[in-house]
Amino acid sequence: MSYKEFETVIGLEIHCELATKSKIFCSCPTTFGAEENENVCPVCLGLPGTLPVLNSKVVEFAVRVGLALNCEISRRSKMDRKNYFYPDLPKAYQISQYDEPLCKNGYLDIDLEDGTKKRIGITRIHIEEDAGKLTHSFRSTLLDNNRCGVPLIEIVTEPDMRSAYEAEAFARKIRSIIQATGSSDCRMQEGSIRFDVNLSVMPKGSEVFGTRTEMKNLNSFRSLVRAVGYESRRQEDVILDGDEVIQETRRWDDAKGMSITMRSKEDAHDYRYFPDPDLVPIILSEEYIKNIHDTLPELPEARLDRYMNELSLTAFDARQITSESEITDFFEEAIKYADAKSVANFIIVDIFALLKTTEESFSELKITPLQLAELINMVKDERISVTASKKALGEMFVTGEDALGAVERLNLMQVSDTSAIESIVRQVIADNPKSVEDYKGGKKQAMGYIVGQVMRASKGSANPKVVNELVGKILSEM
Amino acid sequence: MQPYEMTAYELKEAIVNKELSATEAVSSFIDRIESVDGKINAYITTCFEEAMNNAVLQDKLIAEGSNMNNNYLPGVPYSLKDNIVTKDIRTTASSKILSNFIPPYSAHVYEKLKDSGAILLGKVDMDEFAMGSTCENSSFGTVRNPFDTTRVPGGSSGGSAAAVSAGMSSFSLGSDTGGSVRTPASYCNLTALKPTYGTVSRYGLIAYASSLDQIGPVCRDIRDVAMVMNVISGNDKRDTTSLQITPPDYTSFLTEGIKGMKVGVDLKSVESGLDSEVKEIYLKTIQTFRDMGCEIVEVDFSMIKYAVPVYYLVACCEASSNLARFDGVRYGVRESGNDITSLITNSRTKGFGEEVKRRILLGTYALSAGYYDKYYNQALKVRRLIMEDFRNQLDKCDVFLCPTTTDAAYRIGEKNDDPMSLYLSDIFTVTANLTGYPAASFPAGFTKGGLPVGMQLTSKSLREDNIIKAVYNYQCVTEYHKVRPEIKEGV
C-alpha cells in the first residue's frame with residue numbers, strides 16, 4: 001500500500017465560550033483579561049455548601065447556535081456530572097450534558113474546491129462549564145480560577161470531513177456562523193473558540209473507519225491544517241510499518257510541527273456520569289424556541305445572498321465581507337453613509353493590503369466605518385481624486401485620523417476651480433507646442449500627455465475631469 | 001427557672017416583654033456550656049465574644065422598640081451543626097480535612113437566623129460529613145448523650161441534640177439525610193422536624209447527598225420547631241431545588257383538637273428488629289392518639305424492606321461526587337505529595353475518617369462503568385416505586401406513626417464492628433428522605449433504664465400542618481418532652 005491509497009477521516013470537536021455577561025452557574029463576570037482569581041465567588045470555586053444555578057442566557061445563546069446550525073432543539077435535556085480529579089476542576093466534577101444534550105442532528109454545508117457543496121453533519125451541541133487555567137513553571141504550578149464556570153458549548157461533528165481543506169473550510173464557516181448569532185466572539189487567540197481534531201485513516205473507499213486519535217492545542221486555522229496533514233501522514237506511516245494506531249489524545253506542538261502523545265491512556269477515563277441532583281431538567285416550550293428563531297440575526301448565507309442580489313457585490317467580494325463578523329459589522333456600518341461597492345472595494349483591496357503589511361487582524365483596524373465613508377464621499381463629491389484617496393487612506397490607517405484631516409495635512413484637496421485650472425492648462429499648452437501640433441495632426445494621445453502635464457503642474461491636485469474638459473475645450477478652440 | 005432551661009418560645013417572650021435581657025440569656029447559656037460541655041463534648045467551636053456583642057446589640061434594639069414581628073427570635077441563643085457554613089467562623093463538618101476551614105460566606109439559614117435576632121453560641125459536633133447515626137464518627141471526639149454519658153446521642157446531628165437536651169442551646173439546626181435530626185432527637189428526648197424537601201434552602205449546607213439532605217430544627221417542643229421553621233423556610237434563588245412556594249405560618253398549626261385525624265400505623269413492617277421496649281411505647285403512643293379521638297388506620301408499606309439499600313446506594317453515590325472537591329488544592333488541609341495525584345491522595349487519605357472513606361468507595365463503585373445500571377440506576381427506579389408505595393399508603397391517612405428508631409441509644413462503641421446493623425436501624429427514617437416527605441420525631445416515653453424513646457410522624461409533601469397539629473396535641477396531653485436530663489458527675 002502507498003500513501004495515495006489512504007483516505008483521511010476527520011471529525012471536529014469545537015469548544016466555544018459563550019458571550020454571556022455572567023458565568024454559567026453563578027453571577028461572576030466572564031470578562032477576558034481580568035487579574036488572576038478576580039472573577040471568582042464561592043460557587044465557581046466549589047466551596048463546600050455552594051450550589052449551581054443555571055444562567056438562562058446560556059441556554060438561550062446555545063439554542064441560537066443550535067438553530068443556526070439546523071439542529072433539533074431538545075424540548076427536554078438535563079445536566080450531568082462528569083467526575084474526575086484535576087486541580088483546575090474545583091468541584092472535581094464538571095457539570096456538563098451526557099446523554100440528553102440540548103441540540104442534536106444538525107448540519108453545515110461547506111464549499112468544496114470545485115465549487116460544489118458538501119454537507120457536514122453535526123451530531124450534538126451541549127452546554128457545560130469551563131475549568132480553570134494552570135500555568136506550569138519550573139518549581140510550581142499556578143492556578144487561576146477565573147475561567148472556572150465560564151459557559152461553553154461543545155459541538156461535535158460527524159466524521160464527515162476527508163481533507164485538511166474541508167476541515168479548514170468547515171472550521172472557518174462554523175466560526176463565522178457562531179459569530180453571526182452573537183453567541184460567541186470566537187477569538188481563537190483568546191481561546192474563546194477551540195478546535196480539537198479527531199482523525200483516523202483507512203484504505204480509500206473502505207466502510208470501516210480506522211482507529212482515531214484526538215489532537216488538542218490548535219490555536220489557529222494554520223495549525224489546524226498543519227496538524228491534519230501531519231497526523232494523517234503519521235498514522236499512515238504507522239500502518240505501513242505494520243503497527244497499529246493507538247487510540248489516544250495528542251498535543252499539537254506548532255513550533256515543532258508535530259503531534260505528541262499526552263499522558264498515555266492505559267486506562268480510559270471512567271467519568272461516572274450521573275444526573276446532577278442540584279439542578280432540574282431544562283424544559284423548553286415551542287414558544288421559547290420560536291422566539292429565539294424569530295430573533296436570530298441575519299446569518300452568513302442569507303447575508304451573502306443579500307449582498308449579491310441587493311447590493312450587487314460580486315460573489316467573491318460578498319464572501320470576503322462575510323468571512324468575519326468584524327468585517328461584516330464594519331461594512332454594514334459604513335454602507336449607511338457611502339455606497340456598498342466602493343466600501344467593499346476599499347475594504348477588500350486597500351484595507352486588506354494595509355493590514356497585511358502590519359500583520360494586524362481586522363479587529364485591530366484604527367479606521368472607523370464612518371471615516372471610510374467620509375473618504376469615499378469626498379471622492380464622490382470630487383473633492384479629492386481616487387489616487388489621492390488611496391494616499392489618504394494610508395495615512396488614516398496609521399494615525400487613525402479623519403479623512404478630512406489626512407487630506408488637508410497631505411494637501412490632497414482636489415482643485416476643481418475652473419479658472420485656476422485654466423491658467424495652468426494655458427501655461428502647459430504654451431509650454432508644449434509640439435504636443436498641440438501632434439494633437440492637431442490627429443494624435444489623440446497627445447491630449448493625454450497634456451492632461452498629464454497639467455496634473456503634474458498642479459501636483460496632482462487638479463480635478464482630472466475638469467482638466468480633461470478644459471484641455472479639450474481649449475485645444476479645440478485653437 | 002434558669003434561662004438555659006427555657007424553651008426558645010419562652011425566652012423570646014421573656015426578652016420581648018423585657019422580663020429578661022438578651023445578655024442575661026446568652027450569659028446563662030455560656031455558663032451552662034462552660035459548666036457541662038466537658039462531659040458532653042457537643043461544641044466544636046464556640047463564639048462567645050460575638051454572641052455577647054450580638055446580645056448587647058439586641059438589647060439596644062429592644063430598648064429602642066424596633067419592629068418585632070412574629071418571626072423574630074431576638075436574643076434567643078442557638079447552635080448550628082458544623083456542616084452549616086458560617087462566614088468567618090470555622091466550619092469543619094467534623095472532618096480533619098476541613099479543620100482549618102474559615103468560610104468566606106454564610107449559609108442561607110444562618111443569614112435568616114441572624115436577621116431574626118437569634119444569637120449563635122457556636123458550632124456543634126456531628127458525624128463526619130453527616131455520615132453516621134450515632135455521632136461516633138466525629139473527628140473531634142464522641143459526643144455524649146446527656147441522659148447517659150456512656151451512650152451515644154444519635155447522629156449525625158448528635159451535637160445539636162446533646163446541646164439542646166443539656167440546656168447548652170435553646171434550639172439547634174441540624175441536617176437530615178437519612179434520619180440525622182430525628183434519630184438524635186429520639187435518643188435525647190427532643191422534638192425535631194425534617195421538612196419537606198425543598199422547603200429549607202440547602203445553600204451553605206455542606207452537601208452529603210444532594211437529593212436527600214434537608215436542614216431541620218432540633219428543639220425542646222413542637223412550638224419551638226414551628227417558630228424556627230417560620231424563620232428558616234422559604235424559597236432561595238441560590239438553591240435550584242428550593243421550592244417556589246410561600247411557606248405557611250407554621251405556628252398557626254399549633255391548635256387544639258385532632259379528633260377524626262387519620263393516623264396510619266404499620267404493625268407488620270415495624271415488628272422485626274424492633275426492641276421490645278420501643279414496641280411497647282409505640283403501642284402506648286397509638287393508644288394516646290386513639291384517646292384523642294383519632295382514627296387508627298392500618299397501612300402496609302410493602303416496599304419498606306428496600307428503603308435502606310436504596311438509601312445507602314443513592315446517598316453514597318451522590319456523596320462520592322460531593323466529597324470529591326476535598327482534594328487539598330484550594331482550601332482545607334493539604335498534605336504534600338510528589339505530584340498532583342499524590343497530593344490529592346495523601347490529603348484525602350489523611351483527612352477523611354473510616355466511615356467517610358467507606359461510603360465514598362461504595363458510591364464510586366456503584367457509579368462506575370459497568371455497574372451504573374445495576375446499582376445507581378436501579379436504585380433510582382426502586383426509589384420511585386418506594387415513593388409510589390408511600391404515597392398510596394399515605395392516601396389512606398393524614399399522618400403515619402411509627403417508632404423513630406429500632407432501639408434506644410446504644411452504648412458508645414457498641415456498634416463499632418457492625419456498620420451494617422447500624423445502617424439497618426435507619427429503616428424508619430430513610431423513607432422520608434427518599435420520598436421528600438416531611439417527618440418529625442417527638443418524645444414518647446422512656447425505657448426502664450431511663451433512656452428516651454421517640455416516635456415519628458410522617459405526612460405527604462407540604463403537609464407539615466398535620467404533623468405539627470398532631471404533635472402539638474400529643475404534647476398537650478403528655479409530659480415526656482418536658483423531662484430534662486440530669487448531667488451526672490464524672491463518667
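**Helix 3 of chain B, the A–B interface and strands of chain A**

In helix 3 of chain B, the buried residues (under 20% relative accessible area with a 1.4 Å probe, protein chains only) are Phe48(B), Ala51(B), Ala55(B), Gln58(B) and Ile62(B). Seen down the helix axis, these buried residues fall within an arc of 75 degrees, taken from the directions from the axis to the C-beta atoms, so they line one face of helix 3. This is a predicted model, in which local features need pLDDT of at least 70 and side-chain atom pairs count only at pLDDT 80 or more, while totals for chains, interfaces and linings use all residues. Residues are numbered from 1 along each chain as its sequence is written, chains are lettered from A in the order in which they are written, and side-chain values use heavy atoms, without hydrogens and water.

**Helix 3 of chain B**
- Helix 3 covers residues 48-64; helices are DSSP runs of H or I with at least four residues, strands are runs of E with at least two, and both are numbered from the N terminus.
- Its 17 residues reach 24 Å from the first C-alpha to the last, close to the 24 Å expected (1.5 Å times one less than the number of residues).
- The buried residues pack against helix 1 (8-16), helix 2 (22-40), strand 1 (43-46) and strand 3 (119-124) of chain B, with contact meaning heavy atoms within 4.5 Å.
- Glu49(B), Ala63(B) and Glu64(B), which are exposed (over 50% relative accessible area), sit on the face turned away from the buried side.
- Just after the helix, Gly65(B) has a positive phi of about 75 degrees.

**Interface of chains A and B**
- In chain B, 37 residues are in contact with 31 residues of chain A.
- About 2,600 Å² is buried between the two chains (accessible area lost on putting them together, 1.4 Å probe, summed over both), and carbon and sulfur atoms give 62% of this area.
- Thr240(B), Arg325(B) and Arg330(B) supply 24% of the area that chain B buries against chain A, more than any other three residues.
- One salt bridge is found across the interface (a Lys or Arg side-chain nitrogen within 4 Å of an Asp or Glu carboxyl oxygen).
- Asp278(A) forms a salt bridge with Arg202(B), with the closest N and O atoms 2.9 Å apart.

**Strands of chain A**
- Nine strands form an open sheet of mixed pairing in the order 2-6-7-10-1-11-12-13-14, where two strands pair if DSSP finds at least two bridges between them.
- Strand 2 (72-73) and strand 14 (258-261) are the edge strands, each pairing on one side only.
- Strand 11 (residues 193-203) and strand 12 (residues 213-218) run antiparallel and are joined by four bridges; Leu199(A) has Thr213(A) as its bridge partner in strand 12.
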